[in-house]
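Open the model in your viewer and keep the selection panel at hand. Each stop below tells you what to select and what is there.

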Amino acid sequence: MKRAEGVLEFTDRLQVAAAPAAAVERELHLLIFALGPEPYAVPVAMVREVVRVADITRVPDAPLHIRGVMNLRGRVLPVVELRTRLGLEAAALTPASRVVVAEVRGRIVGYLVDRVVQITRLGEGSVLDAPEEVRTGSADAITAVARRGDQLLRLLALERVLTAGD
Amino acid sequence: MTAPDHPFAALLADYVAECLPLAEDVLERSLALERAWAGGEEAADLYGPLQGLLHTIKGNSAMMGLRPAQELAHALEDLAESLATGPARRRDGVEVLVRGTGLLADLVRSAAIGDSPDSAHYLEELRRFLDQTVDLPAEPARVERRGGDRREDADRMVTTVRVESHRLDALLEALGETMIAQAGLRDAVKRVTRGRRGTPEESGLDQAVLALGRTLQQLEQDLMETRLLPIATVFGRFTRLVRDLARGEGKEVRLEAAGGDTRLDKTVIDRMGEPLVHLVTNAIIHGIEPPEQRVELGKPAEAVITLRAAQRGDRVVLTVSDDGRGLDPAKLLHKARALGHAPASGTPALEEIYGFAFLPGLSTAERVSSLSGRGVGLDVVGLSIRSLGGQVSVTSEPGRGTTFTLRLPLTVAVLRSLLVEVDKERYAVPLADIAETLRMGPDVLRQAITQGTLIWRDQVIPVIDASHVLGLEVPWGVPACPEAPTKGRRYCVVLKAATHHRGLLVDSLLGHQEVVVKALDPTLGRPETIAATTILGDGRVACILDAAGIADGAIEARGCG
Amino acid sequence: MSATYLVVDDSRLHHQMYDLIFSRPALAGSRVLHAYDGRDGYAQFAAHPDLAMVFLDLNMPVMTGLEFLDLRRRDARHLHIPVVLVTTESSADDESRGMAAGAWAYLRKPFHPAQLESLAARASQASEPVRTA
């Protein structure tokens, strides 16, 4: 099965499980969250924390898909509207909405999600290429998916979410 | 470590006893030189004893068969001499010197124990530094190598502690959060004591909270002062830049600097280097004529660029002047009209014309220079300065020269501001950029909307609705084209830039507030209207407006669609 | 033979080194006078016409080695006493000036005790300046 390029980025950030024997499949340690009905996942290693959504202040002229900023213990945290970035329509906040705070390319950024599901470990072998429409719909932010039971998790490459100009 | 059969091996302890205080004195003097040179002082009197001390340590180490210490002391003598006679290299070199003198002290200290630190690595680095060609003319004064009385200055020296600046930043950040917490406490106390106004409990609580606030402000001021550095640390970079750039452009330019000991917060200094470099680069590339042309015009072939700094109240005023060709107002106006920044008819005031120089697309020369591309647009300079809470303006005498004036706040952390509300969002407007606030009666408001102007203090000033200039979208994700949202705009904040005023229509004024400035996260890019952010007492983030930018018209109203 | 030597140097460590050297067998029995600056050195020099040799450092407070030599020449004082200028490898200028000012020899640091011993041995026989590496 051909490996998608996105997989390599993930496996670079693996938390490798202790391997007593030689040929053990490497594991992906993932945080699963949902946007609408679809499940997505990011490497746990990039996630600093998950917080409730505090008041988000709009910033005029901020780059596209930055919903605004919020106060994270005294830090002014930019918050990315993942829904619109991934081609969905914006939606109202609910009590289940959360901000996933991640460190991407040395910067700390928050990503707004509809709800956080759980953390899981999956073997590398569960990773497949993402379907074409998922890849293009996300402007290449999703190039791989992982099978978990009967679910297909969309593996999100956070470093591709914000464009290089940011 | 001296070999055990060395004739003087028995004197190792005496060597350490004699040379360690000398080495520590050398280190202290290097630190003092670092400070003096950073402040633009020559400090020749510090230098002589330093040489003598290093010489003695070298001689003693040589006699004891301690080669590493001997070589290091010798190399440091060379370095100190190189820096004393070559001021251009001091900024980088003094850091190397301080490290080396510290290493020397360690070498001496460990001589008797035999567990010496390695100096080969440092010596290599030092030799590489010394080998770099220095082509600036050496200072004429030849420093005498005399022993002198090494102890005479001991009493006058100030004790210093070296602190990495990121620790100071962390302290300030923590203090900032404490101040936010205090503001929150103040709000909470107000709410809790609502029913008990005038009671002793209420006033006791109130006093305590106010006292806490005052203490924090004093603490902040004291902490901020630890971060104040002389501007000379920035000026020092320019000599070489000017020389290299002028040479590349085929021009002759001399740099003069004054007021280098004026002190600014480290963050401001770190960030103003770039705009200053752009201004100096622009002066050399566009402003200054080639030597032959200057001579024809009756000017000296060598042009002069002057950097000057002075403190005015809570601001520092910096000027970058050149005696070049100056700005041509006619050309500026012509270009501004061509780009649509100025109306086709009528002649704006001269100051306003000069203000056009800071609009995008207005650099007046098209040449590409080999060293720096086109030269950076002045609009970028303006933005950098404004993001520091400062202002920049320019005046010129065509044919005689140009002067840029930068006004920067002394410290960047706390801003006295006016909080305003626009469409349920709060914004902070720096008080320094506000000329006046006005309550708008319905008639005045109507006129302001339809004509876009207001009569204020016998002037006609342009007026703009805050939401127009901020380009806010109403519900998230839905672009809005507000037609007449102005019925709620009851106040006008008259903003001022160096030469302009502009009225900003807002819904309400929420009062004065000292806000802790948080620089814009790079992820937010470069919003046109926002200079920075802050966290208000209730924990919510508010944007700090680039009031000066809005005032001088650099930021226009957004159309719809 | 009991000779008296004068050491003029502002470094105490150097004085200890000289003491060590003069306590070695070759120069055993010698008496050593100590001065820690040029002026005090000159005073002791003036007061002891019987000195076998003077070891004079260059860089000292109050009066330097070169100033000491100039003063001796102006005063025409004890011109028979050989004065050895103690120098470093970077002070070639001072060495020539010192010789011109009347130094009998120069001794470069770092020096081995044996070099000093051989200078001291030649003192009584010398009639012209001797250069020592």
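Start with a strand pair in this predicted model. Select residues 75–81 and 107–113 of chain A: these are strand 5 and strand 7, paired in the parallel sense over three bridges. Now pick V80(A). Its bridge partner in strand 7 is Y111(A).

**The five-stranded sheet of chain A**

Widen the selection to the sheet around that pair. The sheet is open, has five strands in the order 3-6-7-5-4, and its pairing is mixed. Which strands stand at the edges? They are strand 3 (47–52) and strand 4 (66–72) of chain A. Each has a single partner strand, so one side of each is left without a neighbour in the sheet. Look along the sheet for its twist: neighbouring strands are turned by 30° against each other on average, direction ignored.

**The six-stranded sheet of chain A**

Next, select the open sheet of six strands in chain A. Its order is 8-1-2-11-10-9, again with mixed pairing. Strand 8 (115–123) and strand 9 (127–129) take the edge positions. Each pairs with a single strand, so one side of each has no neighbour in the sheet. From one strand to the next, the twist averages 35°.

Stay here and isolate strand 10 (residues 142–148) and strand 11 (residues 151–156) of chain A. They run antiparallel and are joined by six bridges. Select A146(A) and find L153(A), its bridge partner in strand 11.

**Chain A as a whole**

Show all of chain A as a cartoon. How many helices and strands does it have? There are three helices and eleven strands. Follow the chain along its sequence and you trace α-β-β-β-β-β-α-β-β-β-β-α-β-β. Chain A has 166 residues, and 36% of them count as buried. Take the contacts in chain A between residues at least 6 apart in sequence: 55% of these join residues at least 24 apart.

**The nonpolar cores**

Select A41(A), I544(B) and L545(B). These have the most contacts inside the largest nonpolar core, which has 89 residues. Strand 1 (residues 27–35) of chain A gives the largest share of this core, six residues. Now colour chain B by domain. Domain 2 (165–226) and domain 4 (414–551) both give residues to this core, so it lies between them.

Zoom in on A41(A). Leaving out residues up to four places away in sequence, A41(A) touches L30(A), L31(A), I32(A), A146(A), L153(A), L155(A) and L156(A). The bridge partners A146(A) and L153(A) from the earlier stop are thus back in view.

Another core lies apart from this one. It has 72 residues, among them A75(B), A84(B), F22(C) and A120(C).

**Where chain B touches chain A**

Select the contact between chain B and chain A. Chain B puts in 25 residues and chain A 22 residues. On the chain B side, highlight helix 6 (165–192), strand 16 (530–535) and strand 17 (541–545), the elements that give two or more residues. Colour that side by class: twelve residues are nonpolar, seven polar and six charged.

**Where chain B touches chain C**

Move to the other contact. It takes 18 residues from chain B and 15 residues from chain C. On the chain B side, helix 1 (12–38) and helix 2 (44–63) each supply at least two residues. Helix 2 brings the largest share, seven residues. By class, this side of chain B divides into seven nonpolar, seven polar and four charged residues.

**Single residues to finish**

Select L332(B), in helix 12 (residues 329–338) of chain B. Is L332(B) buried or exposed? It counts as buried, because it has 24 C-beta neighbours inside 10 Å. Add Y354(B): the two residues are 22 apart along the chain, and their C-alpha atoms are separated by 7.4 Å.

Now the backbone. Most residues other than glycine have a negative phi, and most peptide bonds are trans. The next three stops depart from that.

- D423(B) has a positive phi, near 50°. It sits in the loop between strand 8 (414–422) and strand 9 (425–430) of chain B. With 17 C-beta neighbours inside 10 Å, D423(B) counts as partly exposed.
- V62(C) also has a positive phi, near 70°. Look in the loop between strand 3 (53–57) and helix 3 (65–75) of chain C. V62(C) is partly exposed, with 16 other C-beta atoms within 10 Å.
- K109(C) to P110(C) is a cis peptide bond, with omega near -5°. P110(C) lies in the loop between strand 5 (105–108) and helix 5 (113–123) of chain C.

Terms used. Residues numbered from 1 in each chain as written. Chains lettered and ligands numbered in written order. Predicted model: local features only at pLDDT ≥ 70, side-chain atom pairs only at ≥ 80, totals over all residues. Core = buried A, V, L, I, M, F, W, Y, C linked by C-beta atoms within 7 Å. Buried ≥ 20, exposed ≤ 12 C-beta atoms within 10 Å, placed from the backbone. Helix = DSSP H or I, 4+ residues; strand = E, 2+ residues; numbered from the N terminus. Domains from an automatic or database assignment. Contact = placed C-beta atoms within 7 Å. Pairing = 2+ DSSP bridges. Axes fitted to C-alpha atoms, helices over the stretch in contact; angles between N-to-C directions. Nonpolar A, V, L, I, M, F, W, Y, C, P; charged D, E, K, R; others polar.
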